[in-house]
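Work through the exercises below with the sequence and the coordinates open. Each task is followed by a solution in steps.

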Amino acid sequence: MALKRAGIQSVIVEAHARRDGEVGSYFTVSPNGLDALAAVDALGIALAEGFATRRNVMRSANGGVLGDLPLGTPLADGTPALTMKRSRLTAALVDEAQRRGIKVDFGRRLTAVETTGSGVVAMFHDGTTEVA
């Protein structure tokens with residue numbers, strides 16, 4: 001999305017098939033990551049998917065606290081870190097990229113990259129290439 005904003009045409013290539021957002025586990029996006037999403041006008045996606053998380057407390061099997069970590073200084077508007085299902089955020093960001101006219105290809109696994117005099121060639125398992 002940042003490349004698109006800068007006027008650079010790009011293609012997102014994902015090795016896996018498109019998923020519905022219901023696989024995997026959760027993760028937390030710290031305020032600096034949220035700030036990066038805001039820079040490409042995608043913070044609203046994380047806000048819609050996540051819930052506020054101010055600390056990360058790790059516990060042992062018997063309930064003892066192993067660690068208690070703050071998750072960064074909230075954004076200027078007070079937004080703290082957000083925890084969400086990783087696959088849901090990915091699906092929503094893919095939808096937004098496509099809405100913005102960014103091509104997304106699924107099921108293409110990168111096998112090699114070759115540097116040329118003017119850039120790079122990415123080679124994929126299906127025999128296709130992308131040149132940059």
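The exercises cover sheets, side-chain contacts with rings, and pockets.

This is a predicted model, in which local features need pLDDT of at least 70 and side-chain atom pairs count only at pLDDT 80 or more, while totals for chains, interfaces and linings use all residues. Residues are numbered from 1 along each chain as its sequence is written, and side-chain values use heavy atoms, with hydrogens and water left out.

**Exercise 1.** Give the strand order of the open sheet that contains β9, and find its edges.

Solution. Strands are DSSP runs of E with at least two residues, and helices are runs of H or I with at least four, numbered from the N terminus. Two strands pair if DSSP finds at least two bridges between them.
- Step 1: the order is β8-β9-β10, with antiparallel pairing.
- Step 2: β8 (110-115) and β10 (129-131) are the edge strands, each pairing on one side only.
- Step 3: neighbouring strands here are turned by 15° against each other on average, direction ignored; axes are lines fitted to C-alpha atoms, for helices over the stretch in contact, and angles run from 0 to 180 degrees between N-to-C directions.
- Step 4: β9 (residues 120-124) is joined to β10 by three bridges, and V121 has V131 as its bridge partner in β10.

**Exercise 2.** Why is one side of β2 and of β3 left without a neighbour in the sheet?

Solution.
- Step 1: the open sheet has three strands in the order β2-β6-β3, and the pairing is antiparallel.
- Step 2: β2 (26-29) and β3 (51-53) are at the edges with a single partner strand each, so one side of each has no neighbour in the sheet.
- Step 3: the twist from one strand to the next averages 40°.
- Step 4: three bridges link β3 to β6 (residues 81-85) in the antiparallel sense; the partner of A52 in β6 is L82.

**Exercise 3.** Describe the hairpin of β4 and β5.

Solution.
- Step 1: β4 (residues 55-59) and β5 (residues 65-70) run antiparallel and are joined by five bridges.
- Step 2: R59 is bridged to V65 in β5.
- Step 3: five residues lie between the strands, and G63 takes a positive phi near 95°.

**Exercise 4.** Which rings have a charged end sitting over them?

Solution. The criterion is NZ of Lys or CZ of Arg within 6 Å of the ring centre and within 35 degrees of the ring normal.
- Step 1: R86 has its charged end over the ring of F27, 4.3 Å from the centre.
- Step 2: R108 has its charged end over the ring of F124, 4.2 Å from the centre.

**Exercise 5.** Characterise the two pockets that are largest by volume.

Solution. On a 1 Å grid over the protein atoms alone, a pocket is an open set of points where a 1.4 Å probe fits, with protein on both sides within 12 Å along at least five of seven lines; lining residues have an atom within 4 Å of a point. A volume is the space filled by probe spheres set on the points.
- Step 1: the largest pocket has about 350 Å³. Of its 19 lining residues, E14, R19, S87, T90 and A91 are the closest to its centre.
- Step 2: α4 gives the most to this lining, with five residues.
- Step 3: the second largest pocket holds about 250 Å³. Its lining includes R108 and F124, and β9 gives the most to that lining, with three residues.
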